[in-house]
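Please open the model in your viewer, set the backbone to a cartoon and keep side chains ready to be switched on. The stops below can be followed in order, each beginning with something to select.

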Amino acid sequence: MAEELSWYAQGQTLILHGELDRDTLLTLWQHRQPLLEGIRFLDVSNLRRVDSAGVALMLHFYHYQQQRSATLALTGVTDRLRTLIALYKLQAILPCMATADT
């Protein structure tokens, strides 16, 4: 059974905890519009697992912010997640930073 996904906003950063996969992302997806208001960083350092559906959600968040003339960068990206992003050739699309400077 997948671990729960939780999140909270701190300043301009949306911080995710738990597992971001096809079994856990539905509630986050349903609340995306109000959650992303004023968010510039998506902190993924506390995610223990991310699958391809989780990466697709991050990509959607990035494009959603672009459409609103806002920016979004991933922070706290693990080597494992960086590899998954590279496998899908998304390095140039999903900006990854070591830490958020908020």
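Begin with the largest nonpolar core of this predicted model, which holds 25 residues, and select L16, L20, L42, V44, M58 and L94, the members that touch the most others. Colouring by secondary structure then shows where the core comes from, since the elements that give two or more residues to this core are β2, β3 (41-50), α3 and α4. Of these, α3 gives the most, with six residues.

Keep V44 selected and display its surroundings: leaving aside residues up to four places away in sequence, V44 touches L16, M58, T75, G76, V77 and L81. Two of those contacts, L16 and M58, are also among the core members that touch the most others.

Next, select the strands. Five of them form an open sheet in the order β1-β2-β3-β4-β5, and the pairing is mixed. Because β1 and β5 stand at the edges and each has a single partner strand, one side of each is left without a neighbour in the sheet.

At one of these edges, select residues 5-10 and 13-20, which are β1 and β2; these strands pair in the antiparallel sense over six bridges. Here Q10 stands opposite T13 in β2, and the hairpin has two residues between the strands, where G11 takes a positive phi near 65 degrees.

Moving one strand along the sheet, look at β2 beside β3, which pair in the parallel sense over seven bridges. To find one of these bridges, select L20, whose partner in β3 is V50.

Now bring the helices back into view. What does α3 lie across? This helix crosses β2, β3 and β4, and runs at about 170 degrees to β3. Select α4 as well: α4 packs on the sheet, where it touches β3, β4 and β5, and its direction makes about 100 degrees with that of β3.

Finish in the loops, at two residues that are not glycines and yet have a positive phi. S69, in the loop between α3 (52-67) and β4 (73-75), has a phi of about 60 degrees. K89, in the loop between α4 (79-87) and β5 (96-97), has a phi of about 55 degrees. Are these side chains buried or exposed? S69 is exposed, with a relative accessible area of 74%, and K89 is likewise exposed, at 67%.

Definitions and conventions:
Residues numbered from 1 in each chain as written. Predicted model: local features only at pLDDT ≥ 70, side-chain atom pairs only at ≥ 80, totals over all residues. Heavy atoms only, no water. Helix = DSSP H or I, 4+ residues; strand = E, 2+ residues; numbered from the N terminus. Buried < 20%, exposed > 50% of the residue type's maximum accessible area, 1.4 Å probe, protein only. Pairing = 2+ DSSP bridges. Core = buried A, V, L, I, M, F, W, Y, C linked by side-chain atoms within 4.5 Å. Contact = heavy atoms within 4.5 Å. Axes fitted to C-alpha atoms, helices over the stretch in contact; angles between N-to-C directions.
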